[in-house]
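Please walk through this structure with attention to its charged side chains and to one of its helices.

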Amino acid sequence: MTPLAVGPGLARPHRWLCAHPRALDTLVALVVLALILIGAVAGPRMRHQSLGPFFVLLAVLAAASLVLRRELPRGVLAFNVALTLTELVTNDVGPPRTSIVFGVVVALYTVAARTDRPTTWRVGAATAVLLTGAAMLFALNPWYSQENWGLFAWTGLAAAAGDAVRSRRAYVAAIEERAVRAERTREEEARRRVAEERLRIARELHDVVAHHIALVNVQAGVASHVMDNRPDQAKEALAHVRQASRSALEELRATVGLLRQYGDPAAPTEPAPGIAVLDQLVDGFVRAGMRVRVRAEPPEKLGPLPGSVDLTAYRVVQEALTNVHKHAGPGATAEIRIARVADVLEVTVEDDGAGTRTEGPEEAPEGADGSGTPRADGTEPGGGHGLLGMRERVTALRGSCEAGPLPEGGFRVRVRLPLQPRRGGES
């Protein structure tokens, strides 16, 4: 039952009664008994009629049965209807005392509050017709007297009040269920967003680490190979190692800085890399011995790119050049083509596969099979996930990614990224 708003002085007794329903039902029974007895002597036709012991017995039985109204609601209703009919029919001592109907009112209210609406109206209509018909047929009053219609009104009011309380309880329960479901949905959405953010950061870390560590690995191998014969070239390779490792640390610091909370010190403020700094990326590979040609449309033709598309295009080129350097060798030639076709940005990276590997066990990719070509499932030899992560990035933007060997030798990576329409100030 929906708790009612009570004052501070009544809060403690109200809570105690709600916690002890049998005590509450006993109190209700005593109140009903008092109403039945007062109503029996307060009517204008009953002032000169004394209460007989038979009516007092019926009143006590009707009130006492209400103590069990929660456990046996329909049984208590039937019992009170029988007692009321007995009083209406056995009217040997004066007119019937219709106040005994208060027991029926409470019992009918309980049934209506604990069952469905069709049952409520069937039981309520049957009770009202039965009691009103019996009063019209067997009472001493005229059939159209107000006491007879009062029985009909009280029983109908009890059924309507019980149905209203039941509807209110169902409404409150539905609201609480929706609130719980909404809270559960919010928690699931939060967990999903956390998982997506972790995956995005993992991709960023992979792209940064794989690119720079591949350069460091190649340059360290070169330095080790020429250390004795060409110390100047070894010194230059070590300088490239130092620069690549510094760049890796800076990008790792910027990526990990994304995990900082707002207002934390040392949070990164520089923008994410994009096509605008592509020349810096290419320069690192050129210094490592790779020949790279860039055929990109001018910025005014490419137009403003969404941040997610710009970053993804940069990471695709970075991962593709890293794979060329790892699998085709530092002497390979790579070509980068970037063009805008309608509302799609196309990024293509091809190599001729003509590079020469530096001798030494540290230069061969871990687990490589000698072909220098990633497997068909998108993973690199040795268990890498560069191409797989690249496809996930592109798929997240509803783009397409094609990667595979060329018939004349070499490897090609082609990515198509749809350009989302700008919203508000988004670029």
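In this predicted model, a network of salt bridges links R293, R295, E335, R337, E350 and R412. One of the contacts to look at here is that between the side chains of R337 and E335, which meet in a salt bridge with an N to O distance of 3.7 Å, a value that falls inside the criterion because a side-chain nitrogen of Lys or Arg has to lie within 4 Å of a carboxyl oxygen of Asp or Glu. The two partners do not fall into one accessibility class: E335 is buried, its relative accessible area being 12%, whereas R337, with a relative accessible area of 22%, is partly exposed.

Counted by this rule, the salt bridges come to 15. Which residue forms a salt bridge with E71? The partner is R22, and the closest N and O atoms of the pair are 2.4 Å apart. E71 lies in the loop between α3 (53-65) and α4 (73-89), while R22 belongs to helix α2 (residues 21-42), so this salt bridge ties together parts of the structure that are 49 residues apart in sequence. E71 counts as partly exposed at 45% relative accessibility, and R22 is likewise partly exposed, with a relative accessible area of 39%.

A salt bridge within a single helix is formed by E183 and R186, for which the closest N and O atoms are 2.4 Å apart. Both residues sit in helix α7 (residues 146-226), and because they are three residues apart there, about one helical turn separates them. At 36% relative accessibility, E183 counts as partly exposed.

From the charged pairs we turn to helix α9, which covers residues 278-287. Which residues of this helix are buried? They are L278, L281, V282, G284 and F285, and because they cover an arc of only 150° around the axis, they are placed on the same side of α9. On the other side of the helix, D279 and Q280 are exposed, so that each of these two has a relative accessible area over 50%, whereas a buried residue has one under 20%. A reader who follows α9 to its end will then come to G289, which follows the helix and has a positive phi, near 105°.

Methods:
Residues are numbered from 1 along each chain as its sequence is written. This is a predicted model: local features need pLDDT of at least 70, side-chain atom pairs count only at pLDDT 80 or more; totals for chains, interfaces and linings use all residues. Side-chain values use heavy atoms; hydrogens and water are left out. Buried means under 20% relative accessible area, exposed over 50%, partly exposed in between (1.4 Å probe, protein chains only). Helices (H or I, at least four residues) and strands (E, at least two) are DSSP runs, numbered from the N terminus. The arc is that of the directions from the helix axis to the C-beta atoms.
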